[in-house]
Amino acid sequence: MYKRLIFRERANFDLKERANEEAKRRAAREVFEEAAEVYDDIYFVDEPDLTGTDHITSLDGTHPDDLGYWRWANAIQPRIVKILKKYGIR
């Protein structure tokens, strides 16, 4: 399916936490799919490993630091640019 948005360290060691995170991602996807049936111009930008896999982009294992947000922006930029071009925005 799709990978985690932000690497959550405790999900590596706690199967209950991992299941909780996966359930939240599934719920987000389901809500988006329902909305996409009603609205034409909504997008679910879902890119794998937004902050990388080296675990140096967060101080607490959850929230991105400056490097994490920089990587995140670079990861989604091609998709965002493509969406904007669809509407004539450069």
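**Exercise 1. Work out what share of the chain is buried, and what its surface is made of.**

Start with the burial count for this predicted model. Of the 90 residues in the chain, 21% are buried. Next, take the area: about 7000 Å² is exposed by the chain. Carbon and sulfur atoms account for 55% of that exposed area.

**Exercise 2. Sort out the secondary structure and the sequence range of the contacts.**

Helices go on the tally before strands: the chain has two helices and zero strands. Now keep just the contacts between residues at least 6 apart in sequence; 51% of these link residues at least 24 apart.

**Exercise 3. Decide whether Phe 32 is buried or exposed, then find its partners.**

First, place the residue: Phe 32 belongs to helix 1. Its relative accessible area is 19%, and buried means under 20%, so Phe 32 counts as buried. Then look past residues up to four places away in sequence: Phe 32 touches Ile 42, Tyr 43 and Phe 44. Finally, check one of those pairs by backbone position. Phe 32 and Tyr 43 sit eleven residues apart along the chain, and their C-alpha atoms are 8.1 Å apart.

**Exercise 4. Classify Glu 34 as buried or exposed, and say which surface patch it joins.**

Locate it first: Glu 34 is in helix 1, which covers residues 15–38. With a relative accessible area of 53% and the exposed class starting over 50%, Glu 34 comes out as exposed. As for the patch, Glu 34 joins Glu 30, Glu 33 and Glu 37 in a negative one on the surface.

Note on methods: Residues numbered from 1 in each chain as written. Predicted model: local features only at pLDDT ≥ 70, side-chain atom pairs only at ≥ 80, totals over all residues. Heavy atoms only, no water. Patch = residues over 30% accessible without salt bridge, like charges linked within 9 Å, V, L, I, M, F, W, Y side chains within 5 Å. Areas by Shrake-Rupley, 256 points an atom, 1.4 Å probe, with all protein chains shown as cover. Salt bridge = Lys/Arg side-chain N within 4 Å of Asp/Glu carboxyl O. Lys, Arg positive; Asp, Glu negative; His and termini not counted. Charge placed at Lys NZ, Arg CZ, Asp CG, Glu CD. Helix = DSSP H or I, 4+ residues; strand = E, 2+ residues; numbered from the N terminus. Buried < 20%, exposed > 50% of the residue type's maximum accessible area, 1.4 Å probe, protein only. Contact = heavy atoms within 4.5 Å.
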